Amino acid sequence: MRTSLYPAVDELERRARTLARAAPGLLRLSRVGESRAGRPLWLLSAGHGDRHVLSVAGAHANEPVGGASALRLAALFARRPGVLEPLGCTWHFLLCLDPDGAHLAHGWQPEEPEPCLTECHRYFYRPAFARQPESLPVPPGKPLPESTALVRLLDELRPVAQFTLHGIEFGGAFVMMTREVPGAAEAFRRTAAQLRVPVDRHPVDGPDWRLDAPGVLVLPDGHGEGERDPSGFVAESTWFHPRRHGTLTTLIETPAWAVPSVSDARPVTDPDREAARLGEVLLGRIEELATVLGTRLDDGAVPAELAPLRDAARELLDVSPSIVECWAAEEPGGFHGHFATRGISARRIPLRVAAMASRALARTEPRTVEILDDLVREWSQELEKTYDLRWVPVATQTALHVRTMLNTARLVCAGGG
């Protein structure tokens, strides 16, 4: 059977079982919960140390690289136990936190060395915020069962480090850390340079986090209220939750298509004008989509099994103005890399809306789907031309995850947790 570059959920389980059978004294697979639809959540554990490290893959349905990275590191431990033993820890891999979302998103496999960005978006799905398991609702909301399972695991293990493995479609690599670890930022940037993956000088994520440029965001002391990012809050999340146990959480983003200009430190002549122009790009495309869609994403117009696609597309339409307002409230970064990252975001959001709306309406609105598919193709080609997208081989994507995890864990464990 051919091994997928981005393993689907069922393949993750099969490959984990194969690894565990080949290294019975080191690896073991256990079920630690289930999804809303009853799919199992699988935990692959390596070693028998007293301390614990947890890697979480598949938190976002459109980011399958995390599962591939988890299997790669587990296989490394199976072949070379001496890599894990000096850490004195048991390393756990939650193979896919959102298997329901992954099933809805799965379908595209990159045809290396020249994958197609338009084809990638034919299968795109990223859940609405309330359906993302790393998010914890403010009471009296009820957590998703996947979120509950992860919180329970964090409270049982009390890991010295939690790594959450993410992958953006296009841009640069970056990390977000809930506290500073001396040497970790330098190790990450060194790894990215060795792998020739550009580092996002100033990510648009975490506008309230402290920037350690390039490419590292650190959660400020006392953080927890008044976050400005409308796409997701950290204070009520599985990133923030284990801080009560002294856990370091590190989110690692690796791009599928690299954009070298996100690292550009040259100053911009008129930052305010550039910021306004990019806001117009986002709002103009969102307005175009709203005109095309009309009331077609209203409740009842989409089959129930495709409703998650509709809800996610509609949420992005609704929050886009507040995203532009958030950008306007920021102090302009003043250099080309910052605006390259923001320009990518301004184009990525409407592209995601068009892709998910097309899938949601595929059975009921063929003419609208044709228009949306044309927009997906047009906007994908414009992205490729504007930002000189360069495919990052999956082996390189996973290497960035694996090396960053190992380097950071060594620093944390050397410091006594």
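Here is a short chat about aromatic rings in this predicted model.

Trainee: How many aromatic pairs does a search of the whole structure find?

Mentor: This is a predicted model, so keep in mind that the pairs are computed from it. Ring centres have to lie within 6.5 Å to count as a pair. Searching the whole structure on that basis gives 9 aromatic pairs.

Trainee: Take phenylalanine 77 and phenylalanine 93: is that pair stacked, tilted or edge-to-face?

Mentor: The centres are 6.3 Å apart, with 40° between the planes. Stacked needs under 30 degrees and edge-to-face needs over 60, so what falls between them has the remaining label. For phenylalanine 77 and phenylalanine 93, that label is tilted.

Trainee: And where do those two sit in the chain?

Mentor: Both phenylalanine 77 and phenylalanine 93 are buried. They link distant parts of the chain, 16 residues apart. Phenylalanine 77 is in helix H2 (residues 65-79), and phenylalanine 93 is in strand S4 (residues 89-94).

Trainee: What about tryptophan 108 and tryptophan 391: how many residues apart in sequence are the parts they tie together?

Mentor: These two make an edge-to-face pair, 6.2 Å centre to centre with 85° between the planes, and both are buried. Tryptophan 108 lies in the loop between helix H3 (99-105) and helix H4 (117-121), while tryptophan 391 is in strand S10 (residues 390-391). So the parts tied together are 283 residues apart.

Trainee: Which residues form one aromatic cluster?

Mentor: You've already met two of the members, Trp108 and Trp391. Add the others and the cluster reads Tyr6, Trp108, Trp257 and Trp391.

Trainee: Which ring has arginine 17 over its face?

Mentor: Don't mix it up with arginine 201, which lies over phenylalanine 335 at 5.2 Å from the ring centre. Arginine 17 is at 4.8 Å from the ring centre of tryptophan 42.

How values were computed. Residues numbered from 1 in each chain as written. Predicted model: local features only at pLDDT ≥ 70, side-chain atom pairs only at ≥ 80, totals over all residues. Heavy atoms only, no water. Phe/Tyr/Trp six-rings, centres within 6.5 Å; stacked < 30°, edge-to-face > 60°. Helix = DSSP H or I, 4+ residues; strand = E, 2+ residues; numbered from the N terminus. Buried < 20%, exposed > 50% of the residue type's maximum accessible area, 1.4 Å probe, protein only. Lys NZ or Arg CZ within 6 Å of the ring centre and 35° of its normal.
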